[in-house]
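Visitor: I'm new to this one. Could you walk me through it, a bit at a time?

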Amino acid sequence: MLGLERKDTLLLIAVAFITLFAPIILNPFPAGSALAQFNAGYPDLMQRFVIFGIFAIGFNILFGLTGYLSFGHAAFLGIGSYSAVWMFKLLSMNVIPAILLSIVMAGLFALVIGFVSLRRSGIYFSILTLAFAQMSYNLAYSVLTPITNGETGLQLTLSDPRILDGDTGGGLPVTSLFGAEMRETTTLFIGPWSWDFSVGYYFCAVLMLLAFYLSVRIFRSPFGMMLRAVKSNQQRMNYTGLNTRPYTLAAFVISGMYAGLAGGLLAAMDPLAGADRMQWTASGEVVLMTILGGAGTLIGPVLGAGFIKYFENIFSKINDGILHQWFAFMPDGLENVMVALIHPFIGKGWHLTLGIMFMLVVIFLPGGLVEGAQRTGRMFRRRDRNADHVESDAARQRAAAE
Amino acid sequence: MGILEVKGVNKRFGGLQALGDVNLSVKEQTVHAIIGPNGAGKSTLLNCLVGKLIPDSGSVMFDGQSVLGRKPHEINQMGISRVFQTPEIFADLSVLENVMIPCFARRDGAFRLHAYETVRREAGIREQAEAMLADVNMLEKRHMTASSLSRGDKRRLEMAMCLVQEPKLLLLDEPTAGMARADTNNTIDLLKEIKAKRDITMCIIEHDMHVVFSLAERITVLAQGTPLVEETPENIKGHPKVREAYLGEAQV
């Protein structure tokens, strides 16, 4: 289906199913129950899951396939956001032109930065991309204030021209897709559960599915095979009559455009753009997501993005008060000890938990979460195969007897 | 007029004259060996032919065109394939993919943004690659990861990757270096087999006289960056200048 192999089609369907029903799947606990704080099914967080999923999918096309580790991809995310906000200010609150401009601008910047950075490989390439990203960040923060509005960040104002929209009457307008407002949310109550279905989330989710589909096509195409060959042996590539430079540059620009799309979507969900989005920590985050999920795998980056964003938003909200509630059943002394023990890992300490998780994954599952899933799958399958073996032997004997 | 014509090539590394006025002519459909003691400039010469090094002066003509100033991938597209001293393959890819890549390179050129078709649907390319693998007796290993092959099979695979491009000239850089006698003989057999099946021009750089004398039709002896003689194998064996270059060195 859709030009995919059966296995990939099944994966795509599974991803589509999960993203479309995410508002239900991510809210397994009834609202108001003690575990409700582990619910991740609120629009703001779900949007982050899919937007950073797109970012990581794009990053994986560069890093997972060609092995070129860019440490400056957040620059393209930021460029995407600024472009989108400018489109909202000047043209229209419709998200389509904004997102198109985000992709194009990020692609152009990626072309220039990639052209220079890809003259080197390995650590030198990483450093060059990092330098470019930090340059972009500092430019956005100070010199380019007329375009980026410096520290305050670029925001919508009432005096913006918005030539296509005309008068919106009074307050600040909101982003929309041909009239459907991005912030519009329908809440469904069934028993104690409540599920939020947001226009913004579904818009992002559809784009993520599209982005995922395109990345599967790239992975399975001759172009994708060439990118894997770049990672494997550039010398052999050259002596096989293949020019590695345009291949790596194409991968760099494609992944830059993915980052631009993600940045544009961030602005479409919340129309402001700040320089922080381009900082090197943001670039590092997408590297973590990709490696944690499994670099070079199809679904890994999405898993990694979801994992990190979940930790960032859920674990950071747990505080000592909540811990005291959980351990209230224990004797007082023990309760305090437990809270003190867990305290460093929650709230502001969520980075510590994430760091430990990351170390464990890198040491024990170098292929990321996907490798973990595969190993588990293989364990079960091996048991099945042993059973099959017995059955097929029996079948052969039966056939021989007849 | 040979398919490869090297005229007056000089290459200097600082104070070392690596190549001094090298002339070489490789005739079509012959196996031409370049031999010489260590440091004779064999590898430097080879690197000048494939675009890795640019000679200080002189000309290198291949099939009527100059290769000087061209990049390795451009020279490969002109029809020169190269086998390395240690097999250079795509270790992380499957054996079949390893052979499909040169097929794509030959059909699509140095770069093509070919992302709208899956590899599996490229039946023509796959058949071509599988036929090549069958030719070197590796078809049943096509789904193995290339890094898991034995050293001899890696060599075979690299040959297959070069041959599937149907090069006009195949350059071999010490194809048996560091091999045990049995592996060396296998490689010689493989090369003989290749030679028998297709009319290919080969240029071998080699240390091992056994290999050279079992394969070559013409031999050029290099010493201190200069060709001493170019002769048939029979005439090389007793040639006084060759004895001097090799044995003179040994007597010291």
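Guide: Sure, and one bit of vocabulary helps: two strands pair if DSSP finds at least two bridges between them. Keep in mind too that this is a predicted model.

Visitor: Then in which sense do β3(B) and β9(B) pair, and over how many bridges?
Guide: Two bridges would be the minimum for pairing. Here β3(B) is matched with β9(B) in the parallel sense, and B:I34 has B:T220 as its bridge partner in β9(B). The count for this parallel pair is 4 bridges.

Visitor: And what is the bridge partner of B:I34 in β8(B)?
Guide: Strand β8 (residues 201–205) of chain B runs parallel to β3(B), with 4 bridges joining them. Look across from B:I34 into β8(B), and the partner is B:I205.

Visitor: Is β3 of chain B largely enclosed or open to the outside?
Guide: A residue is buried if 20 or more other C-beta atoms lie within 10 Å of its own. Both faces of β3(B) are covered, with B:V31, B:A33 and B:I35 buried on one side and B:H32 and B:I34 buried on the other. That makes 5 of the 5 residues in strand β3 (residues 31–35) buried, so the strand is largely enclosed.

Visitor: Which are the edge strands of the sheet?
Guide: The sheet is an open one of 6 strands with mixed pairing, in the order β6-β7-β8-β3-β9-β10 (chain B). An edge strand here pairs on one side only, and that description fits β6 (80–83) and β10 of chain B.

Visitor: By how many degrees are neighbouring strands of this sheet turned against each other on average?
Guide: Follow the order β6-β7-β8-β3-β9-β10 in chain B. Ignoring direction, the average turn between neighbours is 20 degrees.

Visitor: Which residue stands opposite B:L222 in β10(B)?
Guide: β9(B) and β10(B) pair in the antiparallel sense, over 5 bridges. Within β10(B), the residue opposite B:L222 is B:P227.

Visitor: Where does B:Q224 lie, and is it buried or partly exposed?
Guide: B:Q224 sits in the loop between β9 (218–223) and β10 (226–231) of chain B. Its phi is positive, about 50 degrees, although it is not a glycine. With 15 other C-beta atoms within 10 Å, B:Q224 is partly exposed.

Visitor: What about B:E174: buried or exposed?
Guide: B:E174 is not a glycine either, and it has a positive phi of about 40 degrees. Its place is the loop between β7 (169–173) and α6 (181–197) of chain B. It has 20 C-beta neighbours inside 10 Å, so B:E174 counts as buried.

Visitor: Over to chain A. How are α4(A) and α5(A) set against each other?
Guide: The axes of helix α4 (residues 74–90) and helix α5 (residues 95–117) of chain A come within 8 Å and cross at roughly 140 degrees. Angles over 145 degrees would count as roughly antiparallel. The two helices α4(A) and α5(A) are therefore oblique.

Visitor: How do the residues of that contact divide?
Guide: The crossing of α4(A) and α5(A) is right-handed. Its contact includes A:F76, A:I79 and A:M87 from α4(A), and A:L101, A:M105 and A:F109 from α5(A). The division is 14 nonpolar, 3 polar and no charged.

Visitor: Which element gives the largest share of the side of chain B that touches chain A?
Guide: The contact takes 29 residues from chain B and 25 from chain A. On the chain B side, α2 (72–78) and α3 (95–108) each supply at least two residues. The largest share, 5 residues, comes from α3(B).

Methods: Residues numbered from 1 in each chain as written. Chains lettered and ligands numbered in written order. Predicted model: local features only at pLDDT ≥ 70, side-chain atom pairs only at ≥ 80, totals over all residues. Axes fitted to C-alpha atoms, helices over the stretch in contact; angles between N-to-C directions. Parallel < 35°, antiparallel > 145°, perpendicular 65-115°, else oblique. Left-handed = near helix turned anticlockwise from the far one by under 90°. Contact = placed C-beta atoms within 7 Å. Nonpolar A, V, L, I, M, F, W, Y, C, P; charged D, E, K, R; others polar. Buried ≥ 20, exposed ≤ 12 C-beta atoms within 10 Å, placed from the backbone.
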